[in-house]
Every structure is written in structure tokens, then in C-alpha cells.
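Please open the structure in your viewer, with a way of selecting residues by chain and number, and follow the stops below in order.

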Amino acid sequence: MNVIEIKNLTKSYGSSRGIIDVSFNVEQGEVFGFIGPNGAGKSTTIRTLLGLIYPTSGRAAIFGKSCTEDPEVRREVGYLPSEVFYYDNMRVIDLLKYSASFYKKDCTKRIEELAGIMDLDLKKKIDDLSFGNKKKVGIVQGLLHEPKLIILDEPTSGLDPLMQQKFFELIEQENKKGASVFFSSHILSEVQRLCSRVAFIKEGRLIKLEKMSELQDNNYKKIKLEAKNDIDKDLFSLEGVGKLEIKGRIADFIYRGNINNLMKIFARTELANISITEPDLEEIFMHYYSNEKV
Amino acid sequence: MNIYKHELKTLLKSTIIWALSMTALALIYFSVFPGIAEDAEEFKKLLGGYSPSIRALLSISLDNITSILGFYSMIFSFITLCGAIQAMNYGMSVLSRETRERTADFLLVKPVSRSKIVSAKVLAAFTMLLFTDALYYVSAFVMANLVKTSDYSNKLFLMLNLTLLFIQLIFLAVGLLVSVFFNKLKTVLPVSLGVVFGFYILGALLVTGENVAARYFAPFKYFDYNYILKNGSFDGVYLVISALIIAAAVTASYLIYTKKDIHAVS
């Protein structure tokens with residue numbers, strides 16, 4: 001069964017559009033990325049999925065059930081919202097225990113484990129914590145019941161780089177243990193690192209859903225080289241070369257095609273330096289955002 | 001239930017403050033009683049000077065004003081006013097707390113239905129109102145016995161005090177209903193004060209006339225103390241009306257809250 005099934009999901013807020021006819025599935029065991037600019041509808045999709053808001057039409061299901069009809073299904077869901085707020089005057093440990101009390105299993109060991117990994121002081125009052133530390137409470141709170149589906153909404157904002165690393169290792173571990181992850185983020189490098197499939201949402205509609213590997217395969221390579229001598233302007237007039245810029249000894253271009261043809265040209269040229277890179281997700285993303293007509 | 005216990009803890013401090021305040025208010029009034037009882041005739045003459053409508057307003061019955069129960073009827077409406085503010089506050093704040101403190105994304109994502117959440121919170125508010133009333137009742141009972149000039153009926157005293165609970169339940173339900181209509185409730189107290197005082201004054205204005213129908217709009221006048229003291233019972237019609245209001249408001253609150261969209265915090 002698919003862990004998440006979203007079918008023709010539409011939500012409008014009066015006359016403003018929220019999301020329109022969004023459909024996709026998240027399979028058991030995968031790490032699924034969900035990207036879009038501000039206001040695209042990521043939060044709306046997640047909130048509808050969780051049962052916080054009701055769809056105008058369509059359906060969103062977790063493990064085959066709707067959260068609003070079967071709230072029990074949330075037992076297997078861990079949600080890390082982008083902004084965390086908790087009740088005043090509670091200690092971290094009290095909040096975590098309160099959270100655990102909803103799941104009908106003993107989470108004490110897991111709470112201690114997670115607090116240790118994230119370096120979280122359980123005895124402190126939540127009000128006294130910095131933003132980053134409150135975020136850590138959110139992370140522990142979302143994972144302490146060992147959920148089979150983890151929904152992350154901008155999870156690492158506010159964490160220092162070391163903690164971000166630890167957090168990702170945590171998620172990777174959970175995934176290895178069998179948890180599926182739904183990851184909404186602006187930080188494309190993170191999505192790139194963790195996710196096996198990615199969906200792009202723009203202006204309320206899903207415009208692209210692809211495997212990470214295909215996204216990068218179907219794309220071009222970026223090449224920047226420095227030759228020992230001035231470069232002939234015809235040297236790279238080869239099919240598949242685009243955005244060619246030659247300035248004296250430096251050539252800058254993108255290439256899509258049989259890499260061997262390009263290698264032959266490199267072999268014939270005295271090079272001082274060369275860099276061949278994959279475009280990162282950000283560049284692919286920007287390509288879809290600026291070019292794609294919805 | 002965990003939500004219930006959590007809410008009890010949240011309401012505990014305010015409950016104690018309300019119970020103590022109401023007790024203190026009663027203490028002040030009770031401390032005046034011995035003086036009045038001594039100069040009973042003078043006091044009656046003084047009150048006789050006020051117009052009948054003002055006396056009706058304050059539930060003063062010249063026959064028994066100098067007896068402990070009659071005196072208590074006069075002051076009890078002020079205690080009830082306090083209790084009503086407390087109840088309306090609780091009604092308005094239990095559900096809206098999740099929006100005001102922005103913890104909705106925590107609680108409403110838990111594997112528990114929204115109706116269970118409403119039940120736990122309403123039950124907790126009810127428990128704390130009962131607790132307040134019980135604390136208050138015990139203190140009032142002690143004080144009344146300390147200052148009484150002659151024996152009085154414990155049953156009647158209890159019945160008078162029960163009206164506090166009835167009116168609190170009405171305002172708890174009304175507060176609950178008002179809170180689910182708003183998506184962003186910033187401050188609870190001003191609305192509570194406004195509504196409760198509004199009804200109190202409305203009651204004062206309407207009931208001085210002969211218009212019976214007007215009484216339906218004045219919850220504070222649903223339970224007439226003199227009627228209770230004379231008849232040893234509550235007015236059945238108003239018990240039913242109270243129950244209907246409470247049932248309707250609470251049911252509507254459940255229905256609205258379960259179907260609401262809970263938006264992200266801003």
C-alpha cells in the first residue's frame with residue numbers, strides 16, 4: 001500500500017487558490033521531497049493530509065485512511081512543523097511525556113536516546129530555550145513514538161550545521177529501519193541529499209514529479225575550462241553545446257549529449273584546468289520555475 | 001485521560017484565585033451582617049426608602065432581609081456575577097487556547113479525534129467550576145454559621161448556592177460557542193466581561209418591569225432567590241430552559257469545532 005495517496009486534492013480559500021488538483025503517491029520506504037516557492041501550496045497540502053484543514057474536493061490518505069475520518073492513523077505519523085510552539089511553563093521532559101501519552105507505548109528510552117543525539121536538556125523550561133533548541137524539542141517530539149511516516153516541514157531552519165548533520169543521520173537511520181519520509185523544504189541541497197523522488201509545486205499545482213536520479217540524468221553538465229592558449233571560437237561548435245562563452249583562455253558552457261564527443265575535444269586541447277559538474281537541484285529547480293508554464 | 005489532566009493543571013491556578021476571591025467577597029459581606037442584624041429595624045427602614053424596582057434588582061425582600069438567608073440572597077447575586085465571569089472565561093479559553101498559544105499543530109495532529117479533545121477540555125472546565133463552587137460553598141457555610149442570629153435551613157442555603165453552578169454552566173456553554181466562531185481569538189477576558197456584564201445589566205433592566213417574556217433573556221434572573229426561599233424549589237421552567245441552552249450551545253460547539261479548518265500560525 002502507498003504510505004501517502006493524494007488524489008485530485010483541491011483546496012480553495014474563498015476566492016484565493018490554495019491547491020488545485022494535486023495528485024501523487026508516496027511509496028513505502030521512500031524519502032519523498034516536496035519543493036515549491038512560498039505560497040505555492042506546500043503547507044496547504046500537508047495540513048490537508050494531516051486533517052488540520054478540510055479539502056474542497058479530492059482525497060488525501062495516509063496508509064489508506066483519511067486523518068479526519070480515522071484519527072487513529074496518526075499514531076504512525078510524526079509531524080515536524082516549520083514553527084514550533086508549546087504550552088507555557090512546561091519543562092521539556094513534561095511536554096515530551098505529554099506527547100508520548102497519546103501513543104499508548106512506552107517512549108521513555110527513545111526520548112532519552114533522541115535527546116542525547118540532539119543534545120537537548122530535558123530539564124529546562126521550554127520558555128527559556130532558544131529558537132534552535134525549541135526546534136530540537138520539535139524534532140524529538142515528532143520522532144519519539146517511532147512513527148512509520150515522518151512528515152517534515154522545513155525541519156532544519158534554526159539548527160546549527162552540526163545539529164543539521166545529526167538530524168539528517170537520524171532521518172536516514174529511521175528510513176533504514178523502514179520509516180517513510182515526506183520532506184518539504186526550501187533548502188534544495190538537503191532534498192537532494194536525502195530524497196529519492198521529488199515533486200515540484202508551483203501556484204497550487206504539481207508541475208513535475210521525478211526520480212532524483214532521472215532529474216540529474218536528463219540534465220546537462222556544466223563545463224568550465226581554462227586552456228593553455230587562447231581558445232578558438234569554433235573549437236566547441238558541437239551539437240549539444242549551449243550557452244557557450246569564450247573569453248580568451250576560458251570557456252564556459254553547458255552540454256547535453258554523448259560525453260565521449262566532448263572528451264575527444266578535451267584530449268586534443270592543452271588544458272590548464274577543467275571542471276565538470278552536475279547542475280545542482282537549485283539550478284534544475286530554477287529552470288522549472290522560470291520556464292515552465294503552468 | 002491525558003488531555004483532561006493537562007487541562008486541569010492549566011486551570012488550577014486560576015481556579016484557586018477565583019475561589020479565594022469569591023470567598024473574600026462573601027467574607028466582607030458576612031462581616032457586615034452582625035451589625036445589620038443588631039439594628040434590624042433601622043436597616044429595614046433604610047431599605048424601605050429605596051424604590052421597589054431597585055429592591056427587586058438586588059433581590060431584596062423586606063420580609064426576610066435581616067435573616068441570614070434573606071441577607072445572603074442580596075449579596076449572592078454579586079458572587080454569581082464573579083462565578084459567571086470565571087465560567088465564561090473558561091468556556092472561551094479552553095478551545096481557543098490552542099490557537100492563541102499556537103499549539104494547535106501539536107495537539108490536533110495527535111491520534112485523537114477533535115470531539116474527544118472538546119470533551120476532555122469541557123469536562124476539565126466543568127470539574128474546575130465544581131471545585132471552585134465546592135470550596136466556596138464550604139467557606140460560605142462556615143461563615144454563615146458563624147454570623148447567624150437564628151438557625152436557618154441548610155437545604156435552602158444549598159439550593160441558593162446551587163444557582164451559582166447553574167448559571168456558571170450556562171456561561172461556560174455560551175463561552176465555548178462564542179470561541180469556536182472565531183479563528184483568531186487574541187484576548188478572552190474583555191469579551192467575557194462584556195458579555196457577562198451585558199447580561200447582568202440586561203437582567204436588571206428587564207425584570208423590573210412586568211414583562212414575563214423578558215426574563216428569558218436574563219440568565220441572571222432565571223433563579224429567583226425569593227421564590228426558592230418561599231417554595232423550597234427551583235422554578236422548573238427555567239431549569240429546563242437552562243438545560244436546553246447548555247445542550248444547544250455545547251452541541252453546536254462540537255459540530256463547529258470538528259469541521260473547522262485550523263490554519264497555520266502567523
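Begin by selecting F183(A) in this predicted model, and then add the residues it touches beyond its neighbours within four places in sequence, which are V31(A), F32(A), G33(A), F34(A), L152(A), V191(A), L194(A) and C195(A). F183(A) belongs to the largest nonpolar core, a set of 63 residues, where it stands with V140(A), V181(A) and F182(A) among those with the most contacts inside that core. Apart from this core lies another, of 57 residues, and you can find it by selecting F33(B), A120(B), Y136(B) and L160(B), which are among its members.

Next, stay in chain A and display the strands as a cartoon, looking for an open sheet of six strands in the order β5-β6-β7-β3-β8-β9, whose pairing is mixed. Its edges are formed by β5, residues 77-80, and β9, residues 205-211, of chain A, each of which pairs on one side only. If you compare neighbouring strands of this sheet, they are turned against each other by 15 degrees on average, with direction ignored.

At one end of that order, select β5(A) together with β6(A), residues 149-153, where four bridges join the two strands and the strands run parallel. Within this pair, Y79(A) stands opposite I151(A) of β6(A). Now add helix α1(A), residues 42-50, which packs on the sheet and touches β3, β5, β6, β7 and β8 of chain A, its direction making about 150 degrees with that of β6(A). A further helix to add is α4(A), residues 131-143, which lies across β5 and β6 of chain A and runs at about 170 degrees to β5(A).

Move then to β8(A) and β9(A), which are joined by six bridges and run antiparallel. Which residue of β9(A) is the bridge partner of V198(A)? The partner is E210(A). The two strands, β8(A) and β9(A), form a hairpin with two residues between them, and E203(A) in the turn has a positive phi of about 50 degrees.

The next selection is a second sheet of chain A, an open one of three strands in the order β2-β1-β4, with antiparallel pairing. Because β2 (16-26) and β4 (57-62) of chain A each have a single partner strand, they stand at the edges, and one side of each is left without a neighbour in the sheet. From one strand to the next, the twist averages 20 degrees. Select β1(A), residues 4-13, with β2(A) to see a pair joined by seven bridges, in which L9(A) has V22(A) as its bridge partner. Helix α1(A) returns here, since this helix also lies across β1, β2 and β4 of chain A, running at about 115 degrees to β1(A).

Finally, turn to chain B, which has 10 helices and zero strands. Its C-alpha trace spans about 65 × 40 × 30 Å along the principal axes, and 35% of its 266 residues count as buried. A compact globule of 266 residues would have a radius of gyration near 18 Å, and the 20 Å of chain B agrees with this.

To end at the place where the chains meet, select the 19 residues of chain B that are in contact with 20 residues of chain A. On the chain B side, the elements giving two or more residues are α1 (2-38) and α5 (104-107) of chain B, and the residues of that side divide into eight nonpolar, five polar and six charged.

Note on methods. Residues numbered from 1 in each chain as written. Chains lettered and ligands numbered in written order. Predicted model: local features only at pLDDT ≥ 70, side-chain atom pairs only at ≥ 80, totals over all residues. Pairing = 2+ DSSP bridges. Axes fitted to C-alpha atoms, helices over the stretch in contact; angles between N-to-C directions. Contact = placed C-beta atoms within 7 Å. Nonpolar A, V, L, I, M, F, W, Y, C, P; charged D, E, K, R; others polar. Rg over C-alpha atoms; globule rule 2.2 N^0.38 Å. Buried ≥ 20, exposed ≤ 12 C-beta atoms within 10 Å, placed from the backbone. Core = buried A, V, L, I, M, F, W, Y, C linked by C-beta atoms within 7 Å.
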